[in-house]
Amino acid sequence: MKNVAYLCMDATGMKTKIVFSEKCLNYGGWHVEGPTRVKMAHDFLKEKNYEFLEPTPASEEDLLRVHEPDYIWNLKKGLVEDSDTPAYDNIFELARLSAGGAMLAAEINGFSIMRPPGHHAGRSGAASGIYTRGFCYLNNVAIAVRALGKPALILDVDGHHGNGTQEIFQSDKKVIYVSLHRYPFYPGTGAYSEGNSMNFPLPADCGEKKYLETLDKALGMVDTGKFKVVAVSAGFDTHRGDLASLGLTEKSYREIGKRIAVLKKPVFFVLEGGYVGEQNGRDIDQLLRGYEGRI
Ligand SMILES: [Zn+2]
């Protein structure tokens, strides 16, 4: 009996918690970065018995550790818009809640599936001179890392280069940024490594073998003594056929999860891209199964 009880506790107690609020589904139904991608992921994860937690919005103080005051002021007034990134009604509050989701994930070592995403947002909006913010308003993962205040490895597995994250942390000695991404592709940055930003550009649809070899190489180059936490910018648009396809499948995300576990540090996950809803749910589940060593 004792063994059974232990196994039951193990099966549920070890499972990464999901950070989510229904509020993130109430805007942008016409956009490719729309609510369906998160709603379907949520429903899939709920069916798989994940536990959910509601975030609270990040404070302005939290935002100002990452972004310039002028940019925050403009976002608050709804004055920030580009061809990819609309100034939705109430976008400041929506973006603050998504940033708060990343902060809660950092606190509990959970996985925030909140939208909007964040890794293209730089200090003052569009980063590194790129023409759009690529569906991003506030850099959620950066806000969470700064709030924690601990040396961090940010592992960005979204199919696009996180130009915002690179810009924010470029001269920050407490952060190592590692990104695997499709190149040449939007946003056009990340062709080579610069200081603490280690970039691994990959050709379109390179496939799992090449991807995992590159990930092993990248993580092998990182000094694990230099960070105390791993923040994963978890994008799934690398999935075969998605917006930034690198030809990955569900199984590939499980393999990525296993490699994150090998780092043996506290980890949290923040959703970036991934535009096929149910596929996102399956990929998140596989990533977490790989990370937690669950079957
Ligand atoms: Zn992406």
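Where does Pro-187 lie? Keep that one in mind; the solution comes in Exercise 1.

A word on the model before starting. This is a predicted model, in which local features need pLDDT of at least 70 and side-chain atom pairs count only at pLDDT 80 or more, while totals for chains, interfaces and linings use all residues. Residues are numbered from 1 along each chain as its sequence is written, and side-chain values use heavy atoms, with hydrogens and water left out.

**Exercise 1. Place Pro-187 and look at the peptide bond before it.**

Step 1: Pro-187 sits in the loop between strand 7 and strand 8. Helices (H or I, at least four residues) and strands (E, at least two) are DSSP runs, numbered from the N terminus.

Step 2: Check the bond. Tyr-186 and Pro-187 are joined by a cis peptide bond, with omega about 0 degrees.

Step 3: Now try Pro-184. Tyr-183 and Pro-184 are also linked by a cis peptide bond, omega about 0 degrees, and Pro-184 is in the loop between strand 7 (175–182) and strand 8.

Step 4: For context, most residues other than glycine have a negative phi, and most peptide bonds are trans.

**Exercise 2. Find residues with a positive phi and say where they lie.**

Step 1: Asn-49 has a phi near 65 degrees, a positive value in a residue other than glycine. Asn-49 belongs to the loop between helix 2 (36–47) and strand 2.

Step 2: Is Asn-49 buried or exposed? Its relative accessibility is 63%, so Asn-49 counts as exposed. The cut-offs: buried means under 20% relative accessible area, exposed over 50%, partly exposed in between (1.4 Å probe, protein chains only).

Step 3: Asp-205 isn't a glycine either, yet its phi is positive at about 55 degrees. Look for Asp-205 in the loop between strand 8 and helix 8 (208–220); at 46% relative accessibility, Asp-205 counts as partly exposed.

Step 4: Gly-149, just after helix 6, takes a positive phi of about 70 degrees. In helix 6 (residues 140–148) itself, the buried residues are Asn-140, Val-141, Ala-142, Ile-143, Ala-144 and Val-145.

**Exercise 3. Work out the strand order of the sheet.**

Step 1: Eight strands make up an open sheet, ordered 2-1-3-10-9-6-7-8, and the pairing is parallel. Two strands pair if DSSP finds at least two bridges between them.

Step 2: Go to the edges. Strand 2 (52–53) and strand 8 (197–202) are the edge strands, each pairing on one side only.

Step 3: Zoom in on one pairing. Strand 6 and strand 9 run parallel and are joined by five bridges. Ala-152 has Val-229 in strand 9 as its bridge partner.

**Exercise 4. Describe the zinc site.**

Step 1: List the donors. Asp-158 (OD), Asp-158 (OD), His-160 (ND1) and Asp-237 (OD) coordinate the zinc ion, at 1.9 to 2.8 Å. Donors are N, O and S atoms within 2.8 Å of the metal (3.2 Å for Na, K and Ca); water is not among the atoms, so sites may look incomplete.

Step 2: What is the geometry of the site? The four donor atoms make angles of 51 to 155 degrees, and the site is irregular. Four donors count as tetrahedral if all angles lie between 85 and 135 degrees; four count as square planar and six as octahedral if opposite donors are over 155 degrees apart and all others between 65 and 115; anything else is irregular.

Step 3: Read the spacing, which is D-x1-H-x76-D for the donor residues. His-160 is in the loop between strand 6 (152–156) and helix 7 (163–169), and Asp-237 is in the loop between strand 9 (229–234) and helix 9 (250–262), so the pair ties together parts that are 77 residues apart in sequence.

Step 4: Check accessibility. His-160 is buried, with a relative accessible area of 8%, and Asp-237 counts as buried at 0%.

**Exercise 5. Trace the aromatic contacts of Phe-269.**

Step 1: The whole structure holds nine aromatic pairs. Rings of Phe, Tyr and Trp (its six-membered ring) pair if their centres lie within 6.5 Å; planes under 30 degrees apart count as stacked, over 60 as edge-to-face and the rest as tilted.

Step 2: Phe-111 and Phe-269 are stacked, 5.2 Å centre to centre with 5 degrees between the planes. Phe-111 is in strand 3 (residues 111–112) and Phe-269 in strand 10 (residues 267–271), 158 residues apart.

Step 3: The ring centres of Phe-269 and Tyr-291 are 5.4 Å apart with the planes at 70 degrees, so this pair is edge-to-face.

Step 4: Put them together: Phe-111, Phe-236, Tyr-253, Phe-269 and Tyr-291 form one aromatic cluster.
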